[in-house]
Amino acid sequence: MFLDQRHFPFLADLRARWEAIRDECLALPRKTYQPWVQREMYGQGWSVYGLVAFGERIEEALEACPNTASALTKVPRLTTAGFSRMAPGTQIKPHQGWVTTVHRAHLGLVVPEDCALRVGDETRQWREGKTFVFDDTVTHEAWNYGSSDRVVLLF
């Protein structure tokens, strides 16, 4: 299920900085992105540029994105963060997380038409500069049927 963003006041700062975050993301070489590790969920077309993994900062990546790094310091108890890129035609199969103490958030950076996230029975489209938060333990899936990459800051 999607969660009420009023419970996450730090999101306002991320939304206010979204263009600077997007610009840093787009300046990164494509070859620095890595395929998402759970390939059975999507096959091809989903890659990430990691910034924080399992609570550990990836310093070299954060140094390449100082505005993003600064914005992420406002996120309490941050355990994971990175840029998530979905190529056109990519579909991430329905799946669910197992960690009940973590919520997932996305900040839309580059969003073509016809790409969305379904969580439970509700589907939402990403919007550039907008956020949403969802319960990762609820079955969810995502797709990009647009004609260009979809890019979000996932944390």
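Strands (E, at least two residues) are DSSP runs, numbered from the N terminus. Phe2 belongs to one of them, strand E1, which covers residues 2–3. The model described in this report is predicted.

**The start of the chain**

Phe2 is buried, at 9% relative accessibility. Leaving out residues up to four places away in sequence, Phe2 touches Leu117, Val119, Glu122, Arg124, Phe132, Val133 and Phe134. Glu113 stands 111 residues from Phe2 along the chain, and the C-alpha atoms of Phe2 and Glu113 are separated by 21 Å.

Gly120 is placed in the loop that runs between strand E8 (115–119) and strand E9 (122–125). Apart from neighbours within four places in sequence, Gly120 is in contact with Val138 and Thr139. Between the C-alpha atoms of Gly120 and Glu141, which are 21 residues apart along the chain, the separation is 9.0 Å.

**Strand E5**

Strand E5 comprises residues 81–86, and Arg85 has its place there. Ser84 lies in strand E5 too, as does Phe83. The relative accessibility of each of these residues is listed below.

| Residue | Relative accessibility | State |
|---|---|---|
| Phe83 | 0% | buried |
| Ser84 | 2% | buried |
| Arg85 | 8% | buried |

Phe83 and Ala64 are 19 residues apart along the chain, with 13 Å between their C-alpha atoms.

The side chain of Ser84 forms a polar contact, at 2.9 Å, with the side chain of Trp46. Beyond its neighbours within four places in sequence, Ser84 is in contact with Trp46, Ser47, Val48, Arg150, Val151, Val152 and Leu154.

For Arg85, the side chain makes a polar contact with the side chain of Asp149, at 3.0 Å. Asp149 is also among the residues that Arg85 touches when those up to four places away in sequence are not counted; the others are Arg30, Tyr33, Gly45, Trp46, Ser47, Arg150 and Val151. Trp46, Ser47, Arg150 and Val151 thus appear in the list for Arg85 and in the list for Ser84.

**Cysteines**

A search of the whole structure finds zero disulfides. The cysteine sulfur closest to that of Cys25 is in Cys65, and the two are not bonded because the distance of 7.4 Å is too far for a bond. A disulfide would require the pair of sulfur atoms to be within 2.5 Å. Cys65 is likewise in no disulfide, its nearest cysteine sulfur being that of Cys25, 7.4 Å away. Cys25 is buried, with a relative accessible area of 1%, and Cys65 is buried at 0% relative accessibility.

**The second largest pocket**

Rolling a probe the size of a water molecule over the atoms shows where empty space is left. The second largest pocket has a volume of about 370 Å³. Its lining is made up of 15 residues, and those nearest the centre of the pocket are Val75, Pro76, Arg77, Val102 and His103. Strand E7 (residues 103–110) supplies the largest share of the lining of this pocket, namely three residues. Sorted by class, the lining of the second largest pocket consists of nine nonpolar, four polar and two charged residues.

Definitions and conventions
Residues are numbered from 1 along each chain as its sequence is written. This is a predicted model: local features need pLDDT of at least 70, side-chain atom pairs count only at pLDDT 80 or more; totals for chains, interfaces and linings use all residues. Side-chain values use heavy atoms; hydrogens and water are left out. Buried means under 20% relative accessible area, exposed over 50%, partly exposed in between (1.4 Å probe, protein chains only). Helices (H or I, at least four residues) and strands (E, at least two) are DSSP runs, numbered from the N terminus. A polar contact is a pair of N or O atoms within 3.5 Å; within protein, one must be able to donate a hydrogen and the other to accept it, and residues adjacent in sequence count only if both atoms are side-chain atoms. Contact means heavy atoms within 4.5 Å. On a 1 Å grid over the protein atoms alone, a cavity is a set of points where a 1.4 Å probe fits but cannot get out, and a pocket is an open set with protein on both sides within 12 Å along at least five of seven lines; lining residues have an atom within 4 Å of a point. Grid points are joined across faces, edges and corners, and a volume is the space filled by probe spheres set on the points. Ala, Val, Leu, Ile, Met, Phe, Trp, Tyr, Cys and Pro count as nonpolar, Asp, Glu, Lys and Arg as charged, and the others, Gly among them, as polar.
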